Structures are given as C-alpha cells and as structure tokens.
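Hi,

Here's the structure I promised to pass on. Have a look at it, then read my notes below.

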Amino acid sequence: STSRTQSSDRIIIAGCMDGQVHVYSPLDSPPPPSPSPPPHLTLLSTLDTVHYGPVSAVASSNTDLLVTGGWDQRINLFKLKEGSHSFTTVGSIVAHYKQINCLAIHKGGTMFASGSQDTDIKTWDTRTSILSKPSLTISSDSPIFALDWSHVSSIDAIVTGQEDGLYIYDLRKTNIPVFVDNSFGAEVKSISFSKLTQHMAVGSDSGEACVFDV
C-alpha cells in the first residue's frame with residue numbers, strides 16, 4: 001500500500017490504500033548518527049475503514065482536528081478525544097464528484113479547504129456540528145493536485161497546484177486567480193507555506209522545488 005502523510009507538532013498521520021488512517025508519534029530520543037535506518041514511529045491509533053477505497057489526502061492541526069479525503073469523494077472530519085490518542089467523528093460528507101487530491105486546515109483551525117480532480121476548490125467551516133455544505137466553492141479549469149492557505153496575515157487566499165502551474169485565489173474574488181505562474185512546465189503537486197516566515201515551497205513533476213518569498 002501507499003500512504004500520504006501530514007505531520008503536526010505531535011503526531012504524524014498516514015492515509016493508506018486500504019481505507020485506513022494510522023496515527024503515529026515520533027520518538028522523543030535524539031536521532032542516531034548517520035548513516036542509519038530511519039527512526040521508528042510509535043503507532044498511537046488506527047481509524048478503520050475511514051474511506052471506501054484509498055485515502056488520498058489528510059490534514060491535521062494543532063487544534064486537534066483531523067481531516068481525511070479519499071477516492072470515494074468523501075471528506076471525514078475528526079476531533080481528538082481529550083486525554084487520549086483516539087478520534088471521534090465530527091462530520092462526513094460526499095464533498096466532490098471526483099477523487100479528493102488535497103486538504104489543508106486554516107492556521108486558526110476554524111476552516112479547511114479541499115481540492116479535487118473535479119477542478120473545484122471548496123472551503124468548509126469546522127465549527128458546524130455536521131459538514132452540510134461548503135462555505136465557498138471556487139471553480140477552476142484543471143484538477144487541483146495541491147493546496148495550502150496563505151499564512152501571510154494581510155492576505156486571505158488559497159494557493160493551488162494545478163496541471164499547468166501555480167495559482168493564488170483571493171477568497172474575496174472567488175473564481176478569479178490573482179496570480180498565476182505557468183513557468184513550471186509540469187503539474188504542481190506540492191505546496192507548503194511556512195508558519196514562521198513569509199516563504200512558500202512548491203514542488204512539481206519537473207523534479208524541481210522552488211521557494212518563494214511572499
């Protein structure tokens with residue numbers, strides 16, 4: 001099987017091809033001298049049959065939220081039970097009409113975004129008891145392979161990786177991208193904003209990784 005991982009300060013989340021989600025904790029001991037095998041992880045809990053098919057996206061936050069997305073077009077929202085390593089289901093919904101490729105939780109923990117093969121970007125409110133409908137839907141022209149929230153305080157935007165490049169959508173202007181970079185020459189498959197500095201890392205199928213000052 002394969003997995004997609006998302007790390008927070010305390011845990012590592014792995015979504016698997018069999019529909020399960022595993023929650024790990026890295027060892028607290030210092031890393032062994034190099035060269036050496038990768039450090040072992042401690043399995044904290046397993047969420048069984050979270051999706052009917054592969055889990056293709058996961059996101060976790062420091063507010064104890066966990067979001068998963070799968071080939072079954074479904075999004076599941078979980079919250080960590082206080083004083084334990086197990087999660088309780090907050091909501092579940094068929095969110096897109098094609099597989100979900102990426103998820104990202106807003107730094108405040110009150111919203112998350114999903115991107116899909118169906119070319120839509122959707123934002124969701126985590127404060128509702130049930131995931132009933134998206135707060136906002138942005139329609140693009142190509143599948144969404146990666147996304148992240150801008151962590152620049154003056155910008156309320158989502159950055160996406162798509163077939164032909166990098167897009168930035170201002171949430172106040174919905175479907176109109178305010179910035180497009182088509183210079184990659186390949187699908188953009190990974191995006192990550194630094195939470196400490198105004199930098200963004202981007203990886204594409206061209207084999208290159210770029211760091212932007214935003």
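**Strand S6 and its neighbours**

Let's start with one pair: Ala59 has Val67 in S6 as its bridge partner. Before going further, keep in mind that this is a predicted model, where local features need pLDDT of at least 70 and side-chain atom pairs count only at pLDDT 80 or more, while totals for chains, interfaces and linings use all residues. Residues are numbered from 1 along each chain as its sequence is written, and side-chain values use heavy atoms, with hydrogens and water left out.

Strands here are DSSP runs of E with at least two residues, numbered from the N terminus, and two of them pair if DSSP finds at least two bridges between them. S6 covers residues 65-70. On one side, S5 (residues 55-60) runs antiparallel to S6, joined by five bridges. S6 also pairs with S7 (residues 74-80), again antiparallel and over five bridges. In that pairing, Leu65 sits opposite Lys79 of S7. The S6-S7 hairpin has three residues between its strands, and Gln73 has a positive phi near 70 degrees there.

So how many residues of S6 are buried? Six of its six are, where buried means under 20% relative accessible area (1.4 Å probe, protein chains only). In a regular strand, side chains alternate between the two faces of the sheet. Leu65, Val67 and Gly69 are buried on one side of S6, and Leu66, Thr68 and Gly70 are buried on the other.

Elsewhere, Ser45 belongs to S4 (residues 41-47). Ser45 is buried too, at 14% relative accessible area. Beyond neighbours within four places in sequence, Ser45 is in contact (heavy atoms within 4.5 Å) with Val21, His22, Val23, His85 and Ser86.

Cheers

Technical notes:
Buried < 20%, exposed > 50% of the residue type's maximum accessible area, 1.4 Å probe, protein only. Helix = DSSP H or I, 4+ residues; strand = E, 2+ residues; numbered from the N terminus.
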